[in-house]
Amino acid sequence: MTADMVHVRTYNIPEYDIREILRYAGCGKAEVEELPLLQECLAELDGKLSFKVCWRYFPIRRLEHGLDLTFAETDSAALGRNLADCDGIIVFAATIGLGIDRLIAKYGRISPSKSFLFQAVGAERIESLCECFCAEIQKQAAEQGRFIKPRFSPGYGDLPLEMQESIFRVLDCPRKIGLSLNRSLLMSPSKSVTALIGITEKNTERSLGKCDRCENEGCAFRG
């Protein structure tokens, strides 16, 4: 992997994981009374989502008191631990588009229960997108005899949310995938993620396998 241009990809995401959606909605089990309303939400959401990711590779090096990520420097101890033994990172941004934000806002006024379920669906969908992308990066790394670390986002631990600004700058998120950042460092569309993935030569024990949901090698959703 070498540092170069920003890459962009649109994904086909696997079927909904109803159990995960209900978990995000705070339902400990697949409660039967929630399912008809959820199915209405999923039917209305059909065709309104877009699954886009942009990413870029950067070499990294350790400083006396932190990390040089090439595009930014940080003294985050938590990120330093996450990137132990890594010599490079994938920086990425992912979004499922504005369609679900519009539905959350619409039903926030007329059906709070539906709005709440759309929030849960959005959480499951963006997580699915991130996991599919990480599986792809894991597979590419494995082909080079390398491994990946769990993704790490601004706002985790002591990594400041302000890192978002540097990520948006180097990925050109507004132009590449229609993702914007406001002065409060909130993203729009809201169901979006930015994160860093460490690349290392040491086995991180994240084993490869075929996903039961999306058929991707190495997907974290495999059964």
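Q: Which residues is I96 in contact with, leaving aside its neighbours within four places in sequence?
A: This is a predicted model, in which local features need pLDDT of at least 70, side-chain atom pairs count only at pLDDT 80 or more, and totals for chains, interfaces and linings use all residues. Residues are numbered from 1 along each chain as its sequence is written, and side-chain values use heavy atoms, with hydrogens and water left out. I96 lies in the loop between strand 6 and helix 4, where helices (H or I, at least four residues) and strands (E, at least two) are DSSP runs, numbered from the N terminus. Contact means heavy atoms within 4.5 Å, and, with those neighbours set aside, I96 is in contact with L49, S50, F51, G122, R125, I126, L129 and K191.

Q: Is I96 buried or exposed?
A: Buried means under 20% relative accessible area, exposed over 50%, and partly exposed in between, with a 1.4 Å probe and protein chains only. The relative accessibility of I96 is 0%, so I96 counts as buried.

Q: How far is the C-alpha atom of I96 from that of S192?
A: Along the chain, I96 and S192 are 96 residues apart. In space, their C-alpha atoms are separated by 6.6 Å.

Q: What share of the contacts in the protein chain with a separation of 6 or more comes from residues 24 or more positions apart?
A: The protein chain has seven helices and 10 strands, and 50% of its 223 residues count as buried. Among its contacts with a separation of 6 or more, the share from residues 24 or more positions apart is 74%.

Q: How far apart are the end C-alpha atoms of helix 4?
A: The expected span of a helix is 1.5 Å times one less than its number of residues. Helix 4 has 12 residues (99–110), so it should span 16 Å, and this agrees with the distance between its end C-alpha atoms, 17 Å.

Q: Which helices do the buried residues of helix 4 pack against?
A: The buried residues of helix 4 are G99, I100, D101, L103, I104 and Y107. They pack against helix 2 (35–45) and helix 5 (112–143).

Q: How many of the 32 residues of helix 5 are buried?
A: Helix 5 reaches 47 Å from its first C-alpha to its last, close to the 46 Å expected at 1.5 Å a residue. This helix is mostly covered, and the number of its 32 residues that are buried is 23.

Q: Which element gives the most residues to the largest nonpolar core?
A: A nonpolar core is a set of buried Ala, Val, Leu, Ile, Met, Phe, Trp, Tyr and Cys residues joined through side-chain atoms within 4.5 Å. The largest has 40 residues, of which V53, I90, F92, I100, F118, L129 and F133 touch the most other members. Elements that give two or more residues to this core include helix 1 (18–24), strand 2 (52–59) and strand 10 (192–200). With 12 residues, the element that gives the most is helix 5.

Q: Which parts does the aromatic pair of F92 and F133 tie together?
A: Rings of Phe, Tyr and Trp (its six-membered ring) pair if their centres lie within 6.5 Å, and planes under 30 degrees apart count as stacked, over 60 as edge-to-face and the rest as tilted. The structure holds five such pairs, among them the tilted pair of F92 and F133, with 4.8 Å centre to centre and 45° between the planes. F92 and F133 are both buried. Because F92 lies in one element and F133 in another, the pair ties together parts 41 residues apart in sequence, namely strand 6 (residues 86–95) and helix 5.

Q: Which residue completes the aromatic cluster that holds F92 and F133?
A: F92 and F133 also belong to one aromatic cluster. The other member of this cluster is W55.

Q: How far is the charged end of R9 from the centre of the ring of Y11?
A: A charge sits over a ring if NZ of Lys or CZ of Arg is within 6 Å of the ring centre and within 35 degrees of the ring normal. The charged end of R23 sits over the ring of Y24, 4.8 Å from its centre. For R9 over the ring of Y11, the distance to the centre is 4.3 Å.

Q: How many disulfides does the structure hold?
A: C132 is buried, with a relative accessible area of 1%, and C86 counts as buried at 9% relative accessibility. A disulfide is a pair of cysteine sulfur atoms within 2.5 Å, and the number of disulfides in the structure is zero.
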